[in-house]
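Me: I am new to this structure and should be grateful for a close look at a single part of it. Please take the aromatic rings as the starting point and proceed from there to the surrounding helices.

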Amino acid sequence: MSTRRAGSGFAFVTPFLAAYLLFLVLPLGMGLLASLTDAGLTGASTDFVGLANFAEALTDPAMWRSFGVTVGFTAASTPPLILVGLVMALLTHHLAPARWLWRLAFFAPYVLPSSAIALIFVWMYQPEFGLADSLLSWLGIGPMGWLSHPVAAMLGVVVATVWWTVGFNFLLYLAALQAIPHDLYEASSLDGAGGWRQLWHITLPLLRPTTGLIAVLQVLASLKVFDQFYLITNGGPQHSTRPILQYVYESGFTNYRTGYASAVSYVFFAAILLFTLAHFSIQRRRAGGDRP
């Protein structure tokens with residue numbers, strides 16, 4: 001009986017397993033093999049070069065600069081995406097009238113495609129008639145040069161990313177807030193706790209697991225950034241906003257060095273893997289420290 005159940009279970013898993021091997025494991029293996037050759041996009045004959053592509057990638061200033069851009073974007077975008085999502089969820093959770101309208105308004109940008117987001121913000125960042133510089137001039141601040149200055153261009157992409165993707169974090173926080181028992185707030189009110197004390201001593205501590213989840217998901221998503229930079233700044237000015245995935249794309253599809261691009265992508269994959277392992281190690285230590 002158990003053998004028949006195992007056989008039927010394997011039959012249900014087989015389609016997913018086949019798709020997993022075909023679209024994930026096989027491309028990973030082919031990419032790893034390509035990284036060990038001087039393969040090009042033109043289809044010419046390739047030679048085995050061993051770890052030469054990896055050695056070049058590790059000593060390539062352009063690769064490290066793109067990696068720095070990616071890390072800088074992750075560090076700049078993650079805190080506001082967490083804080084803004086939390087504030088939006090708190091406002092929606094405590095606003096009784098038209099709560100559905102707030103949910104729709106906060107989440108609506110998340111369903112827009114990256115091309116639409118890029119078009120909106122490119123028009124907003126235009127130096128002469130853009131909305132961003134018009135608001136700054138109304139506040140008495142000069143134009144920023146959103147698409148021509150390295151710092152302003154990075155800030156512009158961060159703002160666009162926060163406006164576009166914060167709706168997902170907002171939904172996670174809102175679901176977590178709705179799961180907090182209301183009895184805790186009633187009991188604390190009887191003890192004389194006001195809204196701010198309830199926030200600091202009940203809401204935020206109970207939201208800590210959700211915050212940790214959002215932080216990890218956001219870091220991983222920000223490390224894989226490509227669309228916003230490519231469509232809004234195209235890596236400019238002077239490659240100051242070129243993330244590492246755009247560098248991989250340009251190495252493989254512009255310079256026709258698919259072998260080297262594969263090696264760079266695997267170096268980046270190793271960095272993400274190290275971050276993931278470090279996070280799991282920290283989580284285990286915290287879980288072990290919390291046990292009596």
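Which residues do ring pairs link into a cluster?

Reply: The model discussed here is a predicted one. Its ring pairs join F121, Y125, W146 and W163 into a cluster.

One member of that cluster, F121, belongs to helix α5, which spans residues 114–124. F121 is buried there, as are S114, I117 and A118. These four residues lie on the same side of α5, because the arc they cover around the axis is only 100°. The opposite face, turned away from the buried side, bears the exposed residues L119 and W123. The cover over the buried residues of α5 includes two further helices, α7 (150–178) and α11 (227–232).

Helix α7 also has a packing partner in α4, the helix of residues 99–107. Two packed helices are described by the angle between their axes and the distance between the axes. For α4 and α7 the angle is about 145°, and the axes are 8 Å apart. On the α4 side, the residues that meet α7 are R103, F106 and F107. Their counterparts in α7 are G167, F168, F170, L171, L174 and Q178. Sorted by class, this contact comprises six nonpolar, two polar and one charged residues.

The aromatic rings may now be considered across the structure as a whole, where a search finds 18 aromatic pairs. The pair of Y266 and F269 is edge-to-face, because the ring planes stand at 75°, with the centres 6.4 Å apart. Both residues lie in helix α13 (residues 258–290), where a separation of three residues amounts to about one turn of the helix. As regards accessibility, Y266 counts as buried because its relative value is 18%, under the cut-off of 20%. F269, by contrast, counts as partly exposed, because its relative accessibility is 45%. A further ring, that of Y260, has R257 over its face, at 4.5 Å from the ring centre.

A last residue to consider is T70, which is located in helix α3 (residues 61–94). T70 counts as buried because its relative accessibility is 1%. Leaving aside residues up to four places away in sequence, T70 touches S222, L223, P243, I244 and F268.

To return to the starting point, the cluster of F121, Y125, W146 and W163 is linked by ring pairs, and F121 is among the buried residues of α5.

Technical notes: Residues are numbered from 1 along each chain as its sequence is written. This is a predicted model: local features need pLDDT of at least 70, side-chain atom pairs count only at pLDDT 80 or more; totals for chains, interfaces and linings use all residues. Side-chain values use heavy atoms; hydrogens and water are left out. Helices (H or I, at least four residues) and strands (E, at least two) are DSSP runs, numbered from the N terminus. Buried means under 20% relative accessible area, exposed over 50%, partly exposed in between (1.4 Å probe, protein chains only). Contact means heavy atoms within 4.5 Å. Rings of Phe, Tyr and Trp (its six-membered ring) pair if their centres lie within 6.5 Å; planes under 30 degrees apart count as stacked, over 60 as edge-to-face and the rest as tilted. A charge sits over a ring if NZ of Lys or CZ of Arg is within 6 Å of the ring centre and within 35 degrees of the ring normal. The arc is that of the directions from the helix axis to the C-beta atoms. Axes are lines fitted to C-alpha atoms, for helices over the stretch in contact, and angles run from 0 to 180 degrees between N-to-C directions. Ala, Val, Leu, Ile, Met, Phe, Trp, Tyr, Cys and Pro count as nonpolar, Asp, Glu, Lys and Arg as charged, and the others, Gly among them, as polar.
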